[in-house]
Amino acid sequence: MSTLDELGRGWGRARALVEAGILGGTIEGAARLWRNLLVGDVHPSTLWSLNAANLPRTIAIVDGEGQRTWRELERRIHRVANALLALGVERGDAVAVMLPNSAEWIECFAACGLVGASAVFVSYRSTADELDYLLRDSGARVLVFHRDCAQAVREGTAALPPAMRLEVDAGKRSEFASYEALVGRASPVAPPRSTRGATSRTVLYTSGTTGRPKGAVREIARTGIGSFLDFLRVIPLRRSDRHLVAAPLYHATGSGFALLHASLGSTLVLLRTFDPRVFLRTVHEHRITTTAVVPTMLRSILSLPPDERERYDLSSLRVVVSTGSALPPALKEDARALLGDVVYDLYGATEMGWVAVATPDDVRSRPETVGRIVPGTDVVLLSDDRQPVPPGQVGELFARSAFTIEGYHGNEAATLASRWGDYFGVGDLAVLDADGYLTLVDRKADVVISGGANVYPAEVERVLSAHPAVREAAVVGRPDEHWGEALVAFLVPAAQDRPVDDALIEHCRRHLSGYKVPRIFRWIDELPRNPTGKVLKKELRARAAA
């Protein structure tokens with residue numbers, strides 16, 4: 001990067017600091033933050049203390065009927081950190097967090113960073129078998145879980161000593177150690193920071209749509225606030241924001257945006273679980289300004305009767321980020337009509353961090369794209385023989401930034417298969433045009449080869465979803481003696497009336513070449529999805545082949 005580029009990036013970050021309101025508060029705190037920013041030495045755990053010093057009485061977290069100021073949250077983080085140390089947790093050890101969206105989740109994550117432990121994000125919906133696998137694979141020494149998960153913990157954690165299983169909201173007769181009792185006995189004074197041993201990391205397991213989940217390992221300190229500020233140049237988050245945490249914190253969408261807002265000193269309003277009516281009511285009652293959701297959530301909100309949606313004033317919203325899976329153009333437009341000109345379409349992955357953003361202007365003018373590359377992120381598109389392709393051609397996307405993961409925990413083969421130098425890829429195919437706009441084509445694993453020609457199911461799905469009788473569509477291939485693979489379309493109806501196959505075929509032929517038209521149509525009540533909304537193509541392929 002040239003000196004001029006460095007100056008431009010530094011100016012952009014400085015401007016982002018001012019616009020986000022981070023330089024508010026005490027002069028001492030602002031000077032300390034700015035000094036550390038210049039030398040690249042701002043660890044996320046530092047920011048919790050800075051917020052407590054600068055914003056001691058400001059509400060940090062709203063969790064149901066309870067709330068905590070930044071000063072109160074800092075003391076809780078200290079207590080949890082000291083409690084972990086009392087259990088023998090050392091720098092580099094793994095601590096599994098199996099909690100719904102809650103203040104306890106936030107304080108556990110922050111405490112891990114303070115003592116140098118690695119936080120392992122575990123879905124509170126995990127079965128006993130899934131939990132057993134995640135704990136063994138990550139090597140977690142401690143598990144913090146909610147009492148609603150007790151049965152899965154009872155059956156899936158035999159290898160973990162009872163004292164290392166900490167139950168939140170534990171009953172009086174619980175066989176597990178009480179999280180609150182242990183934390184309540186710990187000191188609220190910050191523990192001494194250790195610099196020996198491994199650094200603090202997060203281990204966030206991928207969705208596992210194609211097999212066992214893989215633990216994506218990211219070093220917390222490596223991300224730095226400079227990378228956050230690059231992001232703020234695209235999506236204008238503010239210290240004054242009231243951010244609604246609607247996606248689960250164990251997922252990159254929920255935790256990523258919650259922790260980004262927490263780093264700014266914003267207020268987090270937590271939804272324990274997502275419900276479209278509760279979501280709208282919370283935006284209305286708490287005057288929410290920002291939130292991050294997955295497309296499935298938007299679709300469920302838009303499926304509510306119009307008179308229900310109109311009960312709520314949503315005018316406080318400034319930023320609604322949709323991420324986690326593709327946001328179809330029709331859904332973008334419907335979301336914009338309901339929520340206002342505030343929808344940002346973010347493309348990224350657990351392994352790569354954020355890659356590209358379509359701003360509200362892009363959502364209007366270029367709805368088929370996921371926008372431009374985020375500052376601080378480098379992208380390359382490669383052919384099958386791992387050579388860069390020119391603009392306008394389809395290639396497998398690889399990205400690198402401060403948020404690129406180190407690799408998959410204990411899985412060197414999968415790490416090497418996903419790397420190209422210091423770039424990382426997750427199997428997405430895309431096109432980058434001459435104007436710098438990125439368009440996703442499909443998942444490489446989902447491409448269907450029919451009659452020797454590549455068919456990208458996402459293209460066919462967009463056409464089918466545009467038919468008024470189709471609410472959602474998913475297309476897969478199944479073995480075919482003549483064509484090699486034949487296209488099978490699974491369709492969710494928009495209403496009770498369903499068109500005959502010939503009508504759908506004619507609709508497809510008006511928009512697609514003949515070899516891209518599905519040969520089989522199957523109507524189903526809903527598409528199978530994982531907890532974060534991704535369609536389980538593997539399951540659909542099994543149904544298609546049956």
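# Sheet, helices, cores and confidence

Modeller: The strands β2-β1-β11-β10-β12-β13-β14-β15-β16, in that order, form an open sheet of nine strands with mixed pairing. This is a predicted model: local features need pLDDT (the predictor's confidence in each residue, from 0 to 100) of at least 70, side-chain atom pairs count only at pLDDT 80 or more, and totals for chains, interfaces and linings use all residues. Residues are numbered from 1 along each chain as its sequence is written, and side-chain values use heavy atoms, leaving out hydrogens and water.

Colleague: What makes a stretch count as one of the 19 helices or 27 strands of the protein chain?

Modeller: A helix is a DSSP run of H or I with at least four residues, a strand is a run of E with at least two, and both are numbered from the N terminus. By that rule the protein chain has 19 helices and 27 strands.

Colleague: How do you know that β10 and β12 pair?

Modeller: Strands pair if DSSP finds at least two bridges between them. Strand β10 (residues 242–245) and strand β12 (residues 290–293) are joined by two bridges and run parallel, so the pair qualifies. His 243 has Thr 290 in β12 as its bridge partner.

Colleague: Why are β2 and β16 called edge strands?

Modeller: β2 (66–69) and β16 (372–373) each pair on one side only.

Colleague: Which helices pack on this sheet, and how do you know?

Modeller: Contact means heavy atoms within 4.5 Å. α5 touches β1 (59–63), β2 and β11 (267–270). Between the directions of α5 and β1 the angle is about 135°, on a scale from 0 to 180 degrees between the N-to-C directions of axes fitted to C-alpha atoms, for helices over the stretch in contact. Helix α10 (residues 252–264) touches β10, β11, β12, β13 (319–322), β14 (343–349) and β15 (353–358), and its direction makes about 160° with that of β10.

Colleague: Why is strand β21 described as largely enclosed?

Modeller: A residue is buried under 20% relative accessible area, exposed over 50%, and partly exposed in between, with a 1.4 Å probe and protein chains only. Nine of the 10 residues of β21 (residues 423–432) are buried, so the rest of the structure largely encloses this strand. In the whole protein chain, 54% of the 546 residues are buried.

Colleague: What are the partners of β21?

Modeller: Strand β18 (residues 395–400) pairs with β21 over four antiparallel bridges, with Glu 396 opposite Leu 429. Strand β20 (residues 419–420) is joined to β21 by two antiparallel bridges. In the hairpin of β20 and β21, Gly 421 takes a positive phi near 65°. Strand β22 (residues 438–443) pairs with β21 over five antiparallel bridges, and Ala 430 has Leu 440 as its partner.

Colleague: What makes a set of residues a nonpolar core?

Modeller: Its members are buried Ala, Val, Leu, Ile, Met, Phe, Trp, Tyr and Cys residues joined through side-chain atoms within 4.5 Å. In the largest one, of 68 residues, Trp 48, Met 98, Val 142, Leu 143 and Val 144 touch the most other members. Helix α5 (residues 103–115) supplies the largest share, 10 residues. Another core lies apart from this one and has 26 residues, among them Met 297 and Leu 339.

Colleague: How many residues reach a pLDDT of 70, and where does it stay under 50?

Modeller: The mean is 87, and 88% of the residues reach 70 or more. Residues 37–42 stay under 50. Where pLDDT is low, the predicted coordinates should not be read in detail.
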